[in-house]
Amino acid sequence: MSRLVRSARDVAHWDDTADVVVVGLGAAGASVALEAAADGADVLVLERAAAGGGTSAMSGGVLYLGGGTALQTACGFEDSAEEMAKYLRASVGDAPDLAKIDLYCEHSVAHYDWLVAQGVPFKPVFYYGVSGEPPTDDGLVWSGSERAQPFCDLARPAPRGHVPAMEHQAGPMLMRSLIAAVERSPVRVAGDHRVVALVRESDDTIVGVIASHFGQERAIRARRGVVLTTGGFIMNDAMLAAHVPAALRCKFRVGAEGDDGSGIKLGIAAGAATRHLDKASISLPATQPWGLKRGVLVDARGQRFVNEDAYYGRLGEYALFHAGGRAWLIVDDAIFEKPEYPRRVAAVGETPTEVARELGLPPGALEATLALYNEHAARGVDPVFAKAAEYVTPLARAPFGAFDCTVDASIYAAFTLGGLHTDVDGRVLDPEGDTIPGLFAAGRATSGLSVGGYSSGLSLGDGTFFGRRAGRAATGNASSRSS
Ligand SMILES: Cc1cc2nc3c(=O)[nH]c(=O)nc-3n(C[C@H](O)[C@H](O)[C@H](O)COP(=O)(O)OP(=O)(O)OC[C@H]3O[C@@H](n4cnc5c(N)ncnc54)[C@H](O)[C@@H]3O)c2cc1C
């Protein structure tokens, strides 16, 4: 047996017992704990850091919600669960879990209300002009590629980025609110408890965990279930090398130190299947402010590879996985503006040829790309990538410049999307699709809604939503309420 799974026979005595043991106190863990406690369970959260928060507290705090939430309505936007599901089904990558998408969209309005009821504040003001968290404390933003091709033809666009009221970066506010709700509840939280093994009965049921507490091992029994909410594995180089090596090249691998894949490994050791471990969200914020969407993004062959008005999560994914991390945003004097993020100017020239030469692009390639682009842009169209007309304008006024969007010089913010295979109630599944009794998971320890094609807010969105469902399932009340 793996050292990550111990036999219950070998546990001499239990140091503590709860109905539901939650491993990790990020957004997913807090949601599990709150919902399990609301169902009357005695809940114990074990957190390896001194206090909760995890990557969730370091994030932008955006939650992807829709279908006509109170916030969308207050800001004057119409939406429906059907349109939201159409967008997500089309955008979140190859072979997503359609059952999760549909359930999430169906209950998104109620999930927003639940977050508000926990004390997460949202200001009913729409902020236009950023793809993700706004510089103000406004509550609603565009946070995906809804208005870009091909999605705008497939689903009616609506802004769905719900941002807790905090300027610039709302993750701290989200987690402050959720942890305060946990503190008001009967949930017990034990910091400095790093779970190092699961405990299994002879009938294969997971019945507890072993936690390391200042070097001492403590055995903690779970009467009804163990829920893994330990985050992803962006901090684990060996796992990245094995599953998504391109992410190792990203300079901005932001995550709490707990994002080392420990929960995923515990689940695998207990027999779990995984899904989409090779998928990561890669954000390349090259087009903020949005006027820079009028530039053209080219690869090392001087070719365009994506419509520049797509959400920066899509730009990053294309730039890293399809263009090998070698990309430049070409601008002319007419559209030049100072980018929001510090980015190196890789080349400047009086002609596209001078810029291309400085970048080392194949002779004539950039010139041909710009000639074709400008020919159509003169009529306000982009027949190659169908960029929206408002961002299509000829790039013809010298000097020309190239912002450095290579993975070596630019911000590529990365986190992993794959994880344990779970059903819609957070039950961890084995390779046959059977549940592993007593074992549940949520958040980035699992494969959730997005398996690529990330829109901002999907990770915190699915972590909190399916976390709540896992909390109920772990208490044995999976079907007691619908959302
Ligand atoms: C810069 C940046 C900005 C982002 N902004 C957004 C955004 O706006 N919206 C969005 O949806 N997503 C965003 N993300 C992604 C998002 O923050 C994470 O995917 C999400 O927070 C994961 O939540 P979680 O609850 O699964 O894990 P976490 O929040 O990481 O929580 C996991 C917890 O488990 C603990 N833990 C780990 N292992 C153990 C163990 N063995 N024993 C006990 N405890 C353990 C950790 O210490 C941690 O507290 C962003 C990511 C980055 C990098």
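Me: Which atom of the ligand should I look at beside the side chain of Glu-47, and at what separation from an N or O atom there?
Reply: A polar contact is read here as a pair of N or O atoms within 3.5 Å. In this predicted model, an oxygen atom of the ligand lies 2.6 Å from an N or O atom in the side chain of Glu-47. The side chain of Ser-459 offers another such pair, again with an oxygen atom of the ligand and again at 2.6 Å, while for the side chain of Tyr-454 the separation from a ligand oxygen is 3.2 Å.

Me: How many residues surround the ligand, and which are the closest?
Reply: The ligand is surrounded by 35 residues, and the closest of them are Glu-47, Ser-56, Val-62, Ser-459 and Leu-460. Ser-459 belongs to this group and also supplies one of the side-chain pairs described above.

Me: At what angle do H1 and H13 pack, and how far apart are their axes?
Reply: Helix H13 covers residues 458-475, and H1 packs against it at an angle of about 35°, with 7 Å between the axes. The crossing of this pair is right-handed. On the H1 side the contact is made by Ala-27, Ala-28, Ser-31, Val-32, Glu-35 and Ala-36, and on the H13 side the participants include Leu-460, Gly-463, Thr-464 and Gly-467. Leu-460 is also listed among the closest residues to the ligand.

Me: How do the residues of the contact of H1 with H13 divide into nonpolar, polar and charged?
Reply: That contact comprises six nonpolar, six polar and three charged residues.

Me: How should I read the packing of H1 with H7, and at what angle do they pack?
Reply: Here H1, residues 27-38, meets H7, residues 171-184, at an angle of about 30°, and their axes are 10 Å apart. Angles under 35 degrees count as roughly parallel, and H1 is therefore roughly parallel to H7. The handedness of this crossing is left-handed. Ala-27, Ala-30 and Leu-34 are the H1 residues in contact, and they meet Met-175, Leu-178, Ala-181 and Val-182 of H7. By class, the residues of this contact are seven nonpolar, with no polar and no charged residue. Ala-27 thus appears in the contact with H7 and in the contact with H13.

Me: What is the arrangement of H11 and H12, and which residues meet?
Reply: The axes of H11, residues 352-359, and H12 come within 8 Å and cross at roughly 140°, and the two helices are therefore oblique to each other. H11 passes H12 in a right-handed crossing. Pro-352, Thr-353, Val-355 and Ala-356 of H11 meet Leu-366, Glu-367 and Leu-370 of H12, a set that divides into five nonpolar, one polar and one charged residue.

Me: Where should I look for backbone geometry that departs from what most residues show?
Reply: Most residues other than glycine have a negative phi, and most peptide bonds are trans. In this structure the bond from Gln-149 to Pro-150 is cis, with omega near 0°, and Pro-150 sits in the loop between strand E6 and helix H6. A cis peptide bond also joins Ala-398 and Pro-399, where omega is about 0°, and Pro-399 is placed in the loop between helix H12 and strand E17.

Me: What is the phi of His-168, and where is this residue placed?
Reply: His-168 is not a glycine, yet its phi is positive, at about 70°. The residue is found in the loop between strand E7 and H7.

Technical notes. Residues numbered from 1 in each chain as written. Predicted model: local features only at pLDDT ≥ 70, side-chain atom pairs only at ≥ 80, totals over all residues. Heavy atoms only, no water. Axes fitted to C-alpha atoms, helices over the stretch in contact; angles between N-to-C directions. Helix = DSSP H or I, 4+ residues; strand = E, 2+ residues; numbered from the N terminus. Parallel < 35°, antiparallel > 145°, perpendicular 65-115°, else oblique. Left-handed = near helix turned anticlockwise from the far one by under 90°. Contact = heavy atoms within 4.5 Å. Nonpolar A, V, L, I, M, F, W, Y, C, P; charged D, E, K, R; others polar. Near = heavy atom within 4 Å. Polar contact = N/O pair within 3.5 Å; in protein donor to acceptor, adjacent residues only side chain to side chain.
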